[in-house]
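Work through the exercises below with the structure open beside you. Try each task before reading its solution.

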Amino acid sequence: MRLDPRAKLILFAAVNIVGLGAPFSGGGGIVRMVETGLVAALLALEGSWTMSASALAATGAGLAAHTWLSPSGVAVLAAGAVNLFARFWPVVLLGCYVLSTTTVSEFLAALRRWRLPTALTIPFAVVMRFLPTLAQESRAIGDAMRSRGLRLGGGRPGAWLEYRLVPLTMRAVAIGDELTAAALTRGLDRHAERTSLARVGFRPPDWALAGAAAATLALWWTLL
Amino acid sequence: MITLHNLTHTYPLPADACGGAPGAALDGVSLTVAPGEVVVLCGPSGCGKTTATRLVNGLLTASGVGDGDSEGWVRVFGFDPGVTPTAQLAQRVGSVFQDPRTQFFTTDVLSELAFGGENLGWAPARIRARLDEVSARWGLDGLLGRSVFALSGGQKQRVICAAVDLMDPPALVLDEPSANLDAEASARLAQAVADWKARGKAVLIAEHRLAYLIDAADRFIRLEAGRITHHLTPTQLTALGPATQAALSLRPIPPPNAAAAPKTPGGGGGMGLVEMREVGYWRRVGPASAGVGRGRHRQVVRIDHLTVRAGEIVALTGPNGAGKTTALRWLAGVARGGRGELVVDGVRWGRRRRLGGVALVGQDVNVQLFANSVLGEVRLARRGLSADDAAAILDRFDLRHLAARHPLTLSAGERQRLAIAAALAAGRPLIALDEPTSGLDLAHMRQAAAALQELAAQGRAVLVATHDQDLIAACATKTHPLTPPPMATPTAQNASGPPGF
């Protein structure tokens, strides 16, 4: 199902606020279940059943830890870890969903409908392109480190960070340069008015999604 | 018409920071490319050919802060690329670069094609009309809905050419466009260039690999240290013969027949026979980049039986998308899963054993050098390797004089040799290399070939995935062609409109 990028962004904002902010106790638990249910449903619609289940499982674990782990001793640490994971995981998954299901063109077109200036929207688009590319590079570095037996720093504790970050930084700079060159030579100019082939616009599912996001926030407001 | 008149360009920073040679990157260069003409700039790495292309497409400006000093002038159909606004320039000069991974600005083929038209503010109807035209001309109908992360290198380069064509610029500038392409994709790139030429475009190409362009090009211009040394027609270039071509550090034309030169394997010692049996690898091919969405599993590698002996250099060949890189990643234990087995001297090596027993030199050496000195890089390869032993290894690869330098300050050819030296230092019996010579000029390619022969002479079994016919001719003892598994290229057959890749 193709959704308007703006509806996804509204949901993303709501899930961030609820996911990171709401407590696990009382009404917060209910708000969380609604929020996670939305994320899981979107992932399931795309056929990503494992991710969908993991969102539900993370929130379930967070609620269970809150209910049953007594606040003493080692349990505090464990409960803290589970709590943190349960807060972040649905947000991360929704981020992946947004990146995976939105093309750069749709994104630019949608932000233009919000009348955001090009100087502001183009950096967004660059990040959408840059992050997956950098992730590929990061995997390549990880592969090389494993192959050379440097996964844990090769005997020098702490060195693995240096091994990972120095090449990654160099590649980040080079990728930035090359992407910029590709964009400039094809006329991307922040002073110019762009058009777009992407068809964006709110249809019933978009209203439903944005409504659900707003309802989640409203629910939080009334229950707390 | 592209005109360079008495052009001199000097970078303000040391050479390594800009990838050029020290001193003037261009020194009094004058040349013209008329409409309907194809001119190829060639010469050793750092000769100034990339600088020339970047002055034409406006990425470098002839004057301005931080871009060095420039004399003389450049004109592209009457416009000065240095001062023409981005959007106007994009309609006059189209650019294709070397690395297909970083040329895409969007994440799907359709958006990428439309991107240029959208930037110029064209009406959607006009963009759609152009889109239909170029996707038919470039045979992209089967690819339009695809994510760019699911395309092979050849397909990406074809999409970029089409995306540039959508804006219909009268001048085109290509900077080493074939560096990551196989022979077939290169041949189709040459067809595309010939098509541009037939449509009256002025085409300027900077290249190391010249053979594929011999029919499409009108003139070859050789640069060295920023100066023009030779103007050659294709006939004159071919007539030079391999010896003179080599003296001018040009790749041989016509290319050597890779199979024609059997070489005796190097010294034995260590381990004898490496066999890959019934190796298959499947990958989830999803529609999206961040992992959300329905994927399906598709076989990407199939090797029934492949043997490498100690002292042999076996070239793993095959078109883009045949699974060469994945096969090496499986072999080195970096890629998890897959089927089949690696048997070394009768002993089956599991994934952990492969991870510790196979040295992998990946495609991009920039992401596999970790130490802060050249000597340190070699010592990092094996714990307990003494500085003397490490220095002796550097000697074998002609790197000793660079021992104290930081690896990232080396030239591309030197970095490649350092990665190979580190692989030897690791003391592992089997060494796998992925495209070690893409983007290298003749001299660096020869040095890489010599480095591989050094590995073989040290009794290592060497498996090298490569498109480079010159490298194969220079050092391979055997080739093993890899064919894509039946389902691996469902769209390759759809892509047939002229000129396709």
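Helices here are DSSP runs of H or I with at least four residues, and strands are E runs of at least two, numbered from the N terminus. The model is predicted.

**Exercise 1. Describe the fold of chain A: which pattern does it follow along the sequence?**

Step 1. Count the elements. Chain A holds eight helices and zero strands.

Step 2. Read them in order. The pattern is α-α-α-α-α-α-α-α.

Step 3. Take the dimensions. The C-alpha trace of chain A spans about 60 × 60 × 30 Å along its principal axes.

Step 4. Check burial and surface. Chain A has 224 residues, and 48% of them count as buried. Its accessible surface is about 10,700 Å², with 71% belonging to carbon and sulfur atoms.

Step 5. Look at contact range. Among contacts in chain A with a separation of 6 or more, 76% join residues 24 or more positions apart.

**Exercise 2. Dissect the largest nonpolar core: which residues touch the most other members?**

Step 1. Start from the principle. Nonpolar side chains tend to be buried together in soluble globular proteins.

Step 2. Find the hubs. The largest core has 52 residues, and Leu174(B) and Phe220(B) touch the most other members.

Step 3. Assign the core to elements. In chain B, those supplying at least two residues each include strand S3 (38–42), helix H4 (109–119), helix H6 (153–166) and strand S6 (171–175). H6(B) gives the largest share, seven residues.

Step 4. Follow one hub. Beyond four places in sequence, the contacts of Phe220(B) include Val40(B), Cys42(B), Leu213(B), His231(B) and Pro234(B).

Step 5. Look for another core. A second, separate one has 41 residues, among them Ile393(B), Leu442(B), Leu452(B) and Val464(B).

**Exercise 3. Place Thr53(B): is this residue buried or exposed?**

Step 1. Locate the residue. Thr53(B) sits in helix H2 (residues 49–56) of chain B.

Step 2. Apply the cut-off. Buried means under 20% relative accessible area. Thr53(B) has 1%, so Thr53(B) is buried.

Step 3. List its partners. Leaving out residues up to four places away in sequence, Thr53(B) touches Val173(B), Leu174(B), Asp175(B) and Ala206(B). Leu174(B) is also one of the hubs from Exercise 2.

**Exercise 4. Survey the cavities: what lines the largest cavity?**

Step 1. Count them. There are seven cavities of 30 Å³ or more.

Step 2. Size the largest. Its volume is about 110 Å³.

Step 3. Identify the lining. Of 13 lining residues, Arg148(A), Ala359(B), Leu360(B), Ala422(B) and Ala423(B) lie nearest the centre. Strand S15 (358–361) and helix H14 (412–425) of chain B give two or more residues to this lining.

Step 4. Sort by class. The lining has nine nonpolar, two polar and two charged residues.

Terms used
Residues numbered from 1 in each chain as written. Chains lettered and ligands numbered in written order. Predicted model: local features only at pLDDT ≥ 70, side-chain atom pairs only at ≥ 80, totals over all residues. Heavy atoms only, no water. Core = buried A, V, L, I, M, F, W, Y, C linked by side-chain atoms within 4.5 Å. Buried < 20%, exposed > 50% of the residue type's maximum accessible area, 1.4 Å probe, protein only. Contact = heavy atoms within 4.5 Å. 1 Å grid on protein atoms, 1.4 Å probe; cavity = no way out; pocket = protein on both sides within 12 Å on 5 of 7 lines; lining within 4 Å. Points joined across faces, edges and corners; volume = space filled by probe spheres on them. Nonpolar A, V, L, I, M, F, W, Y, C, P; charged D, E, K, R; others polar. Areas by Shrake-Rupley, 256 points an atom, 1.4 Å probe, with all protein chains shown as cover.
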